[in-house]
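Visitor: Could you take me closely through the surroundings of the ligand, and then follow one of the elements there a little further?

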Amino acid sequence: MPPPRIPQRAEVLVVGAGPGGSAAAAHAATAGHDVVLLDAATFPRDKTCGDGLTPRAVAELDHLGLGRFLDDRPRLDGLTLHGWGASQQIRWPSGRFPSFGSAVSRVELDEEIRALAVARGAHMVQGAKAVDVTMRDGRIADVVVDTAEGARTIAVRDVIVADGVRSGLGKALGREWHRDTAYGVAARAYVRSGRADDNWMGSHLELRGPDGALLPGYGWVFPLGGAGDNLLNVGVGALATAKRPAHMALRPVLEHYAHMVGEEWAIEGPPQRLTSALLPMGGAVSGVAGPNWMLIGDAAALVNPLNGEGIDYALEAGRLAVELLDDTARSPDHTTRWRDVLIGQYGLAFSAARRLAGLLTVPQAVPTLGRPGIRSAHLMSMVVRVMGNLITPDDADLVARAWRTAGRLSSQIDQRPPFR
Ligand SMILES: Cc1cc2nc3c(=O)[nH]c(=O)nc-3n(C[C@H](O)[C@H](O)[C@H](O)COP(=O)(O)OP(=O)(O)OC[C@H]3O[C@@H](n4cnc5c(N)ncnc54)[C@H](O)[C@@H]3O)c2cc1C
């Protein structure tokens with residue numbers, strides 16, 4: 001393959017072509033900006049993920065113009081929750097979001113969104129890693145890019161940093177990840193299955209290790225359907241905090257979990273392509289913006305602390321960041337404006353969710369709440385709605401009001417509020 005052509009300048013440079021970066025690039029190109037989308041990897045590439053798309057993510061894909069892409073993908077009506085000898089099948093709540101979710105391997109999903117950005121006019125550079133910046137008057141003047149041909153620089157007006165969980169470029173710009181509130185560790189694998197065309201996501205709230213010990217985590221089974229090679233994405237995740245780090249070895253737990261659900265899910269053969277990763281959550285980073293840069297997606301810890309999903313927030317933040325770019329007439333400095341956008345969109349919900357997630361890391365909290373809770377379909381419907389962050393500012397019912405109040409109270413006592 002010929003070496004990538006590196007442009008010398010870009011109005012908007014987007015670093016990272018995951019869902020966040022590619023969505024941002026697509027929106028920015030549509031809005032008429034000259035966009036360069038840069039990724040260290042060569043696409044299509046894999047990304048460790050559960051591949052689950054909640055109704056929030058489906059809504060955002062629709063917004064991007066990719067709704068049809070999901071037409072031949074699983075249409076997942078809700079979650080089947082298991083634990084302590086009981087099960088509940090809970091539909092996604094009806095309301096502003098679509099009534100279904102889906103699941104698509106990240107090799108395919110990310111390639112689809114990336115291709116959309118390119119089709120809309122973004123210039124894609126693959127196999128080139130952003131490693132540093134040069135600053136002028138407090139703003140990024142150039143981004144230094146490592147390529148097979150050596151270092152190159154791109155002069156920039158604005159930079160959208162979407163370089164994922166480790167966010168090397170974010171770090172160079174002063175981003176710090178704080179682990180005193182809840183974060184996640186999770187592993188996923190793929191298995192072939194006779195039930196890959198199921199219409200429900202499976203979730204086990206009672207997760208046990210090979211020795212039968214109860215673990216502070218959960219398991220999932222997400223069917224990828226016929227278009228997804230009749231595979232299931234099977235995974236396990238655990239919540240942790242700096243005070244209570246998760247010590248479990250994920251590989252044996254995941255292998256045991258896949259074996260445990262094997263009969264129910266008609267699994268054929270052992271788990272393949274097992275990988276694991278950390279998940280920063282609930283906006284637990286500071287330094288999310290500077291005068292001409294904004295962090296989005298995992299780089300800004302935009303992951304729901306109660307279910308580990310971040311594709312939807314990455315997509316949403318890509319759109320919101322471009323809306324802010326288009327509003328630069330009001331102020332050319334993004335530093336506080338972008339942080340305020342994130343706080344306005346996610347601050348209350350993330351504050352309450354990560355407090356609750358932190359509570360779930362306390363030994364015995366999960367069985368104490370889960371054992372009686374899973375016996376009530378009504379309660380579990382509320383749990384699915386709250387855990388999925390599927391409450392909108394327009395919702396005025398009791399659960400929505402109680403959750404917003406919890407968010408307000410939680411933010412008032414946060415030692416370090418989200419995004420600070
Ligand atoms: C085990 C696990 C299961 C999960 N399950 C789900 C789920 O089911 N549903 C869900 O919604 N979320 C899930 N998540 C979270 C989800 O994967 C992330 O929130 C999502 O990928 C964030 O997207 P992003 O665009 O911010 O970053 P990423 O998808 O990580 O993309 C970042 C991109 O940046 C590139 N990059 C990195 N550094 C540089 C650099 N210096 N220069 C150029 N390019 C660079 C990378 O190559 C990559 O392509 C899961 C996470 C884990 C770990």
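Guide: A residue is taken to be near the ligand if one of its heavy atoms lies within 4 Å of it. In this predicted model, 39 residues surround the ligand by that criterion, and the closest are D39, G50, G52, R106 and D298. Sorted by class, the shell around the ligand consists of 20 nonpolar, 10 polar and nine charged residues.

Several polar atoms of the protein can be placed against particular atoms of the ligand. A backbone N or O atom of G20 lies 2.9 Å from one of the ligand's oxygen atoms, while K47 brings a polar side-chain atom to 3.2 Å from an oxygen atom of the ligand. At A130 the partner is a nitrogen atom of the ligand, which lies 2.9 Å from a backbone N or O atom of that residue. As for cover, the ligand taken alone exposes 1,000 Å², and the protein buries 92% of that. The elements that give two or more residues to the shell are the helices and strands α1 (19–30), β8 (129–136), β12 (183–193), β14 (217–223), β16 (267–279) and α6 (311–325).

Of these elements, α1 can be followed to a neighbouring helix. The axes of α1 and helix α3, which spans residues 106–119, come within 7 Å and cross at roughly 20°. Angles under 35 degrees count as roughly parallel, and α1 and α3 are therefore roughly parallel to each other. The crossing in which α1 passes α3 is left-handed.

Conventions:
Residues numbered from 1 in each chain as written. Predicted model: local features only at pLDDT ≥ 70, side-chain atom pairs only at ≥ 80, totals over all residues. Heavy atoms only, no water. Polar contact = N/O pair within 3.5 Å; in protein donor to acceptor, adjacent residues only side chain to side chain. Areas by Shrake-Rupley, 256 points an atom, 1.4 Å probe, with all protein chains shown as cover. Helix = DSSP H or I, 4+ residues; strand = E, 2+ residues; numbered from the N terminus. Nonpolar A, V, L, I, M, F, W, Y, C, P; charged D, E, K, R; others polar. Axes fitted to C-alpha atoms, helices over the stretch in contact; angles between N-to-C directions. Parallel < 35°, antiparallel > 145°, perpendicular 65-115°, else oblique. Left-handed = near helix turned anticlockwise from the far one by under 90°.
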